[in-house]
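The following paragraphs lead through a protein model, from its overall build to the surroundings of a few chosen residues. Please keep the sequence and the model in view while reading.

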Amino acid sequence: MSGFFRRLGAIPWRSIAGEAFSRSFLVAQAFCAVHVVDHHLCSLAIVRGPSMLPAMNLAGDVVAVDRVSVRLGRVGPGDVVLMISPEDPRKAVAKRVVGMGGDSVTYLVDPGNSDAAKTVVVPQGHVWVQGDNIYASRDSRQFGAVPYGLITGKIFCRVWPLEGFGSIDSNQSQ
């Protein structure tokens, strides 16, 4: 039994522990870097649903999301944004910005059944968002202007599939 302990004592435990700690620290740094890039610079997201047809596919698209533009206030009418759903904060949805704070927006109240239109002025610090497919989208026409703070990113390109411009649970047409 004493031979076993001698061999056990001959193993360079300090260098093994040092190497393990060094590699664990490197992995932790990599995870931190990925988190910072994903949440604060840019990320990828999957968008699916009928709300943004024809700009995005019904079955789903992988899109690149710019997280910096939102913080710098560089979101404007025409931009497609990723935002926290005002109806279900556990969901992220994609919508097109139609109006910013102070803008006057005219929209069809019930596009499937009538031509009745309504005009609203978007409050300061809010945005008016709508899906491109007005017949199958839950958007500002139902829940009103959305606080700018709910916008998490601006979609700037489709990654997959590669043709055209892509689809984030743009749905919300329950």
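**From the whole chain to single residues**

The protein has four helices and nine strands, and the model that shows them is a predicted one. Read from the N terminus, the elements follow one another as α-α-β-β-α-β-β-β-β-β-α-β-β. The radius of gyration is 24 Å, whereas the globule rule gives 16 Å for 174 residues, and the protein is therefore more spread out than a compact globule. In keeping with this topic, the box that the C-alpha atoms fill along the principal axes is roughly 95 × 35 × 30 Å. Of the 174 residues, 35% are buried, and the accessible surface comes to about 10100 Å², with 63% of that surface belonging to carbon and sulfur atoms.

The UniProt record, in an unreviewed entry, lists residues 27-107 and 118-160 under "domain: Peptidase S26". In the model, residues 27-107 are 23% helix and 37% strand, and the C-alpha atoms at the two ends of this span are 51 Å apart. Residues 118-160, by comparison, are 9% helix and 49% strand, with end C-alpha atoms lying 37 Å apart.

The next topic is the sheet. Seven strands form an open sheet in the order 1-2-9-3-4-7-8, and their pairing is antiparallel. Strand 1 and strand 8 (146-147) each have a single partner strand and so stand at the edges, which leaves one side of each without a neighbour in the sheet. As a general matter, the strands of a sheet pair through backbone hydrogen bonds, in either a parallel or an antiparallel manner.

At one of these edges, strand 1, which covers residues 42-47, has a covered face made up of Ser43, Ala45 and Val47, while Cys42, Leu44 and Ile46 make up its uncovered face. Strand 1 runs antiparallel to strand 2 (residues 61-66), and six bridges join the two. Within this pairing, Ile46, a residue of the uncovered face, has Val62 in strand 2 as its bridge partner. Further along the sheet order, strand 3 is joined to strand 9 (residues 151-160) by three bridges, again in an antiparallel arrangement, and here Leu82 stands opposite Gly153 in strand 9.

The loop between strand 1 and strand 2 holds Ser51, which leads to the annotated positions. UniProt, in an unreviewed entry, places the feature "active site" at Ser51 and Lys95. These positions are spread over 45 residues of sequence, yet they cluster in space, the largest C-alpha distance being 7.9 Å. Whereas Ser51 belongs to a loop, Lys95 is part of strand 4, which spans residues 92-100. Are these two residues buried or exposed? With a relative accessible area of 0%, Ser51 falls under the 20% limit and therefore counts as buried. Lys95 likewise has a relative accessible area of 0%, and because this lies under 20%, Lys95 is buried too. The side chains of Lys95 and Ser51 make a polar contact with each other at 2.6 Å.

Strand 3, which spans residues 80-84, includes Ile84. Its relative accessible area of 29% lies between the limits of 20% and 50%, so Ile84 is classed as partly exposed. Which residues does Ile84 touch, once those up to four places away in sequence are not counted? They are Pro89, Lys91, Leu150 and Thr152. Ile84 can also be set beside Val146, for the two are 62 residues apart in sequence, and their C-alpha atoms are 9.7 Å apart in space.

A last stop is Arg141, which is found in helix 4 (residues 140-143). Arg141 has a relative accessibility of 11%, and because that is under 20%, it counts as buried. Its side chain has a polar atom 3.0 Å from the backbone oxygen of Ile134, and a distance of 3.2 Å separates a polar atom of the Arg141 side chain from the backbone oxygen of Ser137. When neighbours within four places in sequence are left aside, the residues in contact with Arg141 are Tyr107, Leu108, Pro111, Trp128, Gln130 and Ile134. Ile134 thus appears in that set of contacts and also supplies one of the backbone oxygens facing the side chain of Arg141.

Key
Residues numbered from 1 in each chain as written. Predicted model: local features only at pLDDT ≥ 70, side-chain atom pairs only at ≥ 80, totals over all residues. Heavy atoms only, no water. Buried < 20%, exposed > 50% of the residue type's maximum accessible area, 1.4 Å probe, protein only. Pairing = 2+ DSSP bridges. UniProt positions renumbered as here; feature names shortened; annotations may be inferred. Polar contact = N/O pair within 3.5 Å; in protein donor to acceptor, adjacent residues only side chain to side chain. Contact = heavy atoms within 4.5 Å. Rg over C-alpha atoms; globule rule 2.2 N^0.38 Å. Areas by Shrake-Rupley, 256 points an atom, 1.4 Å probe, with all protein chains shown as cover.
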